[in-house]
Amino acid sequence: MIPRQMFRPRPVPARRRESEESSCANRSNSRARTSGETEGFVKIIRDAKYGEILGAHIVGAHATEMIHELAVARENEYTVEEIELAIHAHPTLSEAIMEADAPGPEALSREQYAALADFRFRLRRFLAFSEAAAARAGL
């Protein structure tokens with residue numbers, strides 16, 4: 001069984017909306033690599049004009065534990081930008097949802113992609129520092 005969330009059995013043709021798909025392979029996810037569960041992927045289907053999430057597929061280990069985030073996003077008509085604003089801890093399998101939402105290098109200029117990569121690196125460092133500080137404080 002493959003967990004998935006769609007708004008109709010054939011969502012895009014039924015409404016004749018232009019759509020885009022983006023995906024993230026589990027083999028590029030740090031948590032999946034450390035646990036040896038690198039088979040599978042997260043695919044997100046979104047409206048091309050507004051970025052609203054139209055559906056998603058998650059295939060692989062622990063898919064049933066990750067699909068809820070996209071089910072809530074679909075139900076509340078979230079855009080991919082709103083999903084990216086959510087904090088995704090590192091390393092977790094659900095990080096693949098954030099990565100699948102992110103624009104690929106072909107959609108950005110070299111400078112924009114480098115700035116995005118730098119921002120993600122700094123955010124992960126900040127989160128790791130915050131977790132360590134909370135652990136030291138006994139929180």
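What is the volume of the second largest pocket? About 260 Å³. Keep in mind as you look around that this is a predicted model.

**Stop 1: the pocket**

Start by selecting Glu84, Ala86, Met98, Phe119 and Leu123, which are the closest to the pocket's centre among the 13 residues that line it. Now colour helix 4 (80-85), helix 5 (95-101) and helix 6 (110-136), the elements that each give two or more residues to this lining. Which helix gives the most to the lining? Helix 6 does, with six residues. If you colour the lining by residue class, you will find eight nonpolar residues, one polar and four charged.

**Stop 2: the loop between helix 4 and helix 5**

Stay with two of those helices and select Pro91, in the loop that runs between helix 4 and helix 5. Show the backbone from His90 to Pro91: the peptide bond there is cis, and its omega is near 0 degrees. Most peptide bonds are trans.

**Stop 3: the strands**

Next, select residues 19-25 and 40-47, which are strand 2 and strand 3. These two strands run antiparallel and are joined by seven bridges. For one pair to zoom in on, take Ala25, whose bridge partner in strand 3 is Phe41.

Then add residues 53-60, which make up strand 4. How many bridges pair strand 3 with strand 4? Seven, again in the antiparallel sense. Here you can pick out Lys43 together with His57, its bridge partner in strand 4. Follow the chain from strand 3 into strand 4 and you trace a hairpin, with five residues between the two strands. In its turn, click on Gly51, which has a positive phi of about 85 degrees.

**Stop 4: two residues with positive phi**

Most residues other than glycine have a negative phi. With that in mind, the next two selections deserve a look.

Leaving strand 4, select His62 in the loop that leads to helix 3 (63-75). His62 is not a glycine, yet its phi is positive, at about 65 degrees. Is His62 buried, partly exposed or exposed? Its relative accessibility is 34%, so His62 counts as partly exposed.

Finally, move past helix 3 to Glu77, found in the loop between helix 3 and helix 4. Glu77 is likewise not a glycine and has a positive phi, of about 55 degrees. Turn on the surface to view Glu77 from outside: with a relative accessible area of 53%, this residue is exposed, because the cut-off for that class is over 50%.

Notes. Residues numbered from 1 in each chain as written. Predicted model: local features only at pLDDT ≥ 70, side-chain atom pairs only at ≥ 80, totals over all residues. Heavy atoms only, no water. 1 Å grid on protein atoms, 1.4 Å probe; cavity = no way out; pocket = protein on both sides within 12 Å on 5 of 7 lines; lining within 4 Å. Points joined across faces, edges and corners; volume = space filled by probe spheres on them. Helix = DSSP H or I, 4+ residues; strand = E, 2+ residues; numbered from the N terminus. Nonpolar A, V, L, I, M, F, W, Y, C, P; charged D, E, K, R; others polar. Pairing = 2+ DSSP bridges. Buried < 20%, exposed > 50% of the residue type's maximum accessible area, 1.4 Å probe, protein only.
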